[in-house]
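Me: I should like to understand how the labels used for a protein structure are justified. Please set each value against its criterion.

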Amino acid sequence: MSKIEQFLKDKLQDRKNNLSIRNLSVNNFPFDFCSNDYLGFARSAELKKLIDDHITTILHYLNGAGGSRLLSGNTAYTEETEQLIADFHLAENGLIFNSGYDANVGLLSSVPQRGDTIITDELIHASIIDGCRLSHATRYKFDHNNINDLEDKLKLAKGNIFVVVESVYSMDGDIAPLIEISNLCEQYQANLIVDEAHATGIFGNNGQGLIHQLNLTEKVFARIVTFGKAMGVHGAIVLGSKSLRHYLINFARSFIYTTASPIHNIVAIRSAYVFLDKSDHQHIHQKIDLFRKELKKQSITALDSKSAIQGILFSSNEATKLAATILQSKGFDVRAILSPTVAVGKERLRICLHTFNTDDEIISLVKNLKELN
Ligand SMILES: Cc1ncc(COP(=O)(O)O)c(C=O)c1O
């Protein structure tokens, strides 16, 4: 066996040994408590029809964009969509990226420069970490949601300072203390960047996100809104000033050096926003409240969360995998989140609630969780 094949095998064997090996699967358990399709948009026949109807109105329809946005891949429709989305979220401007991953990598790798400082929450998403790694700025982490630790790091910061948080954390489902963080940023003249991936569609009067709900739109330097979670489609937008948009068009490599989203996807994004406007914004919160109430009734401890993401800790890869397998055998699609995705000892079931989960399914899931104890 060649040296490189041996290396690959050894690394995979290490993962097998500590029960953290990842495999793709096509399992479809009947009761979805795992996808990020919180509002059921990805599976909505009504949204599909809206998209299909809308597509027929596009005059110069191309199956693929045929080039990057800076070459042949741009359309007036895309730019109009960006402005509509920016207006919806009360931002000056927006730039669509092909995914949330691309948006975070593009933003963080291009704006902070050598001599600047990026301060991130320790639980920040991998796409932000990767963006920071591509930047020459100095990076500090602060303890999760810990304002005092953030202030300690702000005191060390030099150059242009960027504080990056998620409004709703993707693995814990808890909410950042955004008002306090924003006040500190103001005090230390730091630029606040907020990833709203899991808040979009869930928080805000019409699903505009937490920054909108908390009236902080004027206080943030940039927001990242992704379309692959509650919006049920694909892609992301960076919201910010007109200059930020123009800067990213010039310097964000994950925007510049990639083929643009096909027009079909832009139509899907725009239609999802139309659909969001017509949705019942309380429905998901009724499901979240029911789940929390049932947990309490059964005396089950969960991570503190008001979002659609709920975590039940099992504290080892083995125990978490076993719990997931038992629940899956009963039809519940719940997934084990293992180390190293989360810290050792913090392994958990990540349960996502959806508008389409029936009350009976939620009550039954909690009963089955109780039986695991
Ligand atoms: C907080 C957060 N940011 C960004 C992303 C990446 O978004 P996308 O799936 O559109 O690449 C995710 C997705 O997992 C996420 O949870």
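Reply: Let us begin with Pro340, which lies in the loop between β11 (335–337) and β12 (348–352). Please bear in mind that this is a predicted model.

Me: What makes the peptide bond from Ser339 to Pro340 worth noting?

Reply: The bond is cis, and its omega is near 15°. Most peptide bonds are trans.

Me: What is notable about the phi of Leu19, and where does this residue sit?

Reply: Leu19 has a phi near 60°, which is a positive value in a residue other than glycine. Most residues other than glycine have a negative phi. Leu19 is located in the loop between α1 (3–17) and β1 (31–32).

Me: Why is Leu19 called partly exposed?

Reply: A residue is buried with 20 or more other C-beta atoms within 10 Å of its own, and exposed with 12 or fewer. Leu19 has 15 C-beta neighbours inside 10 Å, and therefore counts as partly exposed.

Me: Which residue just after α3 has a positive phi?

Reply: That residue is Leu90, with a positive phi of about 60° although it is not a glycine. Leu90 belongs to the loop between α3 and β2. Because Leu90 has 17 C-beta neighbours inside 10 Å, it is classed as partly exposed.

Me: How do you know whether the span of helix α3 is close to the expected one?

Reply: Helix α3 covers residues 76–88, 13 residues in total. The expected span is 1.5 Å times one less than the number of residues. For α3 this expectation is 18 Å, and the helix reaches 18 Å from its first C-alpha to its last, so the two are close.

Me: Which residues of α3 are buried, and why are they said to line one face?

Reply: The buried residues are Thr78, Glu82, Ile85, Ala86 and Phe88. Seen down the axis of α3, they fall within an arc of 160°, and so they line one face of the helix. These buried residues pack against β2 (93–97), β8 (236–240) and α11 (263–277). On the other side of α3, the residues Ala76, Glu80 and Asp87 are exposed.

Me: What places the buried residues of α6 on the same side of that helix?

Reply: In helix α6 (residues 147–156), the buried residues are Leu150, Lys153 and Leu154. They cover an arc of only 105° around the axis, which puts them on the same side of α6. Their packing partners are β3 (117–121), β4 (138–142), β5 (161–166), α7 (178–187) and β6 (190–195). The face turned away from this buried side carries the exposed residues Asn148, Lys155 and Leu156.

Me: Is Phe227 buried or exposed, and how do you know?

Reply: The cut-off for a buried residue is 20 or more other C-beta atoms within 10 Å. Phe227 has 27 such neighbours, and therefore counts as buried. The residue is placed in the loop between β7 (222–226) and β8. If residues up to four places away in sequence are not counted, Phe227 touches Val233, His234, Gly235, Ala236, Ile269 and Ala272. The C-alpha atoms of Phe227 and Gly201 are separated by 9.5 Å, while the two residues are 26 residues apart along the chain.

Me: Why is His283 given its exposure class?

Reply: The limit for an exposed residue is 12 or fewer neighbours, and that for a buried one is 20 or more. His283 has 13 C-beta neighbours inside 10 Å, so it counts as partly exposed. This residue belongs to helix α12 (residues 283–297). His283 and Leu39 are 244 residues apart in sequence, yet 8.6 Å apart in space, C-alpha to C-alpha.

Me: How is the protein divided into domains, and what forms the contact between them?

Reply: The domain assignment gives domain 1 (47–277) and domain 2 (282–373). The contact takes nine residues from domain 1 and 13 residues from domain 2. On the side of domain 1 that touches domain 2, there are four nonpolar, three polar and two charged residues. The centres of the two domains, taken over C-alpha atoms, are separated by 28 Å.

Me: What makes up the shell around the ligand?

Reply: The shell divides into three nonpolar, eight polar and two charged residues. Of the 13 residues around the ligand, Ser99, Gly100, Tyr101, Ser170 and Ala197 come nearest. Helix α4 (residues 100–110) supplies the largest share of the shell, three residues.

Methods
Residues are numbered from 1 along each chain as its sequence is written. This is a predicted model: local features need pLDDT of at least 70, side-chain atom pairs count only at pLDDT 80 or more; totals for chains, interfaces and linings use all residues. Helices (H or I, at least four residues) and strands (E, at least two) are DSSP runs, numbered from the N terminus. The arc is that of the directions from the helix axis to the C-beta atoms. Two residues are in contact if their C-beta atoms, placed from the backbone, lie within 7 Å. Domain bounds come from an automatic or database domain assignment. Ala, Val, Leu, Ile, Met, Phe, Trp, Tyr, Cys and Pro count as nonpolar, Asp, Glu, Lys and Arg as charged, and the others, Gly among them, as polar. A residue is near a molecule or strand if its C-beta atom, placed from the backbone, lies within 6 Å of it.
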